[in-house]
Amino acid sequence: MIPQASPLANYLSNRTALDEAIHRVLSAGRYILGDETAAFERQFAEYIGVPYTVGVGNGTEALHLALRSLGIGPGDEVITVSHTAVATVAAVEMCGAAPVLVDIQPKSYTMDAALLEKARSDRTKAIVPVHLYGQPCDLEEILRFARKHGLFVIEDCAQSHGALYRGQRTGSWGHAAAFSFYPTKNLGALGDGGAVTTGDPSLFEKLHALRQYGWDDHRLSRVSGWNSRLDELQAAVLRVKLARLEEDNSRRIQIAHRYQESLSRISQLALPSPTPGTTHVYHQYVVSCTEPSVRNRLMANLLEEGIQTAVHYPVPVHLQPAYAERLSGSRSLPVTEEVCQKIVSLPLFPELTDEEVAQVAKTIETFFSRSV
C-alpha cells in the first residue's frame, strides 16, 4: 500500500537523530518549557525570518492566542475562508469573535483578495489568510487592504512551512502567524505542537503570558490566560526535523514536478499551478477532476490498486452541521463549494520513492485512458 502521507516513514528516515533527541530530553529531567523549547523557538524564528517565536500546544491554539494577543474578542469580526481545516474557524470562535467567510481563487485555492471589501464591516478587526497546501496567498493585496482599513493580518501557516512569497517566508508578513506541527505537516512533531511567530515585541510578551495562565516572571496572572505549551519532547523532535526541512521541501517539490510531467497530458485533470512570485512547498499535491463522479471513481480505483488518497477538504466549513446556516458568507462561496467536490490529494511525502511516484502516475493514466 502506498499511503497518502506517512509520519512513520519520516520518523524512520530520522530515527537515530530523533531517538538521541528524545533520550536527551528524558535524561535532562525537565519536560515543560525548558532549554529545548527555548532553542527551538530561537531556531524557528531565525528560519522564518522574524525576531520571535512562541511555542504552544497545537496549531489551533496558536491561531487562537495570536488573535487574543491582538485584542480580538466578542463583537469583532474576522475575515477568513471556508476552504480550510475547521481549526481556522474554530480558533476565531474560541475568541468569541465572528468568522466572516470569503471565497477562494479557483487556481490557487487561497483567499480571493478581491472579495475582502464586500466582506468588511465596521466590526471587522482582522483577516486570517490561509496558505493552503503549501501555496502562499496573495499577501500583497491582502496586506494593502488591511493597511487601508486598519486591520490586523494573522497568517495561517499550518500548511506552508518554508513557503516563500516574493522571496520572504510565510509567517513573516503579518502582525503574527500561526503554525501547526501536526505529524503530517512539512515540519511535523511526534504529537501535537504549534507556534506563533511575530516581529512585534509587545505581542511576543503578551503571547508568552497568554500561553501560561497570563503569568509574569513571578507567576502572577496579570491577565487571564490559558495552558498551551510546547513540551520539551516535541521541541527536541522539531529541532531535528527543522534541520531537514529545506531538504524535505526540496524533495516534495521534486515529487510534484514528477507528477506534473507525468499527468500534464491528461486533459480531464487540472494540476496545481503555483502562483508567480511564490515557492509552493507542496504540503499536498492536489488535482481537480472534471466532475465529482470522476473524482470518486478515480479515488476508488487508486485504492483498489493499493494507493491511498484523501480530500482536503471534503465539506467546506460553512456547510458542516456545526456551522451551517449561521456563518456569514455562507450563501456566496460558489468556487469553494465546487472545488471541494472535485479535488483529490495524491500521495506526497519526502520518503516517497521515484518508483512509487511513477506507479501512482501510471495508475492514474491508465484509469483515464480506460474509464473516461
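This report covers the pockets, cavities, nonpolar cores and a few local features of one protein chain. The model is predicted.

**Open and closed spaces**

The table lists two pockets and two cavities.

| Space | Volume | Lining by class |
|---|---|---|
| Largest pocket | about 440 Å³ | ten nonpolar, 13 polar, three charged residues |
| Second largest pocket | about 360 Å³ | five nonpolar, three polar, seven charged residues |
| Largest cavity | about 170 Å³ | six nonpolar, seven polar, five charged residues |
| Second largest cavity | about 90 Å³ | six nonpolar, five polar, one charged residue |

Start with the largest pocket, at about 440 Å³. Its lining counts 26 residues, and Ala85, Ala158, Ser180, Lys185 and Tyr313 are the closest to the centre. Three elements each supply at least two lining residues: helices α4 (59–69) and α5 (86–94), and strand β8 (176–180).

The second largest pocket holds about 360 Å³. Its lining has 15 residues. Nearest the centre are His208, Ala209, Trp215, Asp216 and Asp217. Seven residues of this lining are charged.

Two cavities reach 30 Å³ or more. The largest cavity has a lining of 18 residues, with Pro183, Thr184, Lys185, Arg252 and Pro350 nearest its centre. Helices α1 (7–13) and α10 (245–263) each give two or more residues to that lining. Lys185 thus appears in two places: it is among the residues closest to the centre of the largest pocket, and also among those nearest the centre of the largest cavity.

The second largest cavity, at about 90 Å³, has a lining that includes Lys107, Tyr109, Leu132, Tyr133, Pro272, His280 and Val286. Ser108, Gln135, Ser273, Pro274 and Gln284 also line this cavity.

**Nonpolar cores**

In soluble globular proteins, nonpolar side chains tend to be buried together. Here the largest nonpolar core has 57 residues. Tyr259, Tyr285, Ile364 and Phe368 have the most contacts inside it. Helix α13 (residues 354–371) gives the most to this core, with six residues. Apart from it lies another core, of 24 residues. Ile72, Val78, Ala91 and Ala97 are among them.

Tyr285 deserves a separate look. Leaving aside residues up to four places away in sequence, Tyr285 touches Ala256, Tyr259, Gln260, Leu271, Pro272, Val344, Ser345, Leu346 and Leu348. One of these contacts, Pro272, also lines the second largest cavity.

**Thr309**

Thr309 sits in the loop between α11 (292–304) and α12 (334–342). Is Thr309 buried or exposed? Its relative accessibility is 17%, so Thr309 counts as buried, the cut-off being under 20%. With residues up to four places away in sequence left out, Thr309 touches Gln4, Met299, Leu302, Val344, Ser345, Leu346 and Pro347. Val344, Ser345 and Leu346 are contacts of Thr309 and of Tyr285.

**Helix α3**

Helix α3 covers residues 35–48, 14 in number. At 1.5 Å a residue it should span 20 Å, and its end C-alpha atoms lie 20 Å apart, so the two values agree. The buried residues of α3 are Glu36, Thr37, Ala39, Phe40, Glu41, Phe44, Ala45, Tyr47 and Ile48. An α-helix has 3.6 residues a turn, so residues three or four places apart point the same way. Just after α3 comes Gly49, with a positive phi of about 95°.

Key: Residues numbered from 1 in each chain as written. Predicted model: local features only at pLDDT ≥ 70, side-chain atom pairs only at ≥ 80, totals over all residues. Heavy atoms only, no water. 1 Å grid on protein atoms, 1.4 Å probe; cavity = no way out; pocket = protein on both sides within 12 Å on 5 of 7 lines; lining within 4 Å. Points joined across faces, edges and corners; volume = space filled by probe spheres on them. Helix = DSSP H or I, 4+ residues; strand = E, 2+ residues; numbered from the N terminus. Nonpolar A, V, L, I, M, F, W, Y, C, P; charged D, E, K, R; others polar. Expected span 1.5 Å × (residues − 1). Buried < 20%, exposed > 50% of the residue type's maximum accessible area, 1.4 Å probe, protein only. Contact = heavy atoms within 4.5 Å. Core = buried A, V, L, I, M, F, W, Y, C linked by side-chain atoms within 4.5 Å.
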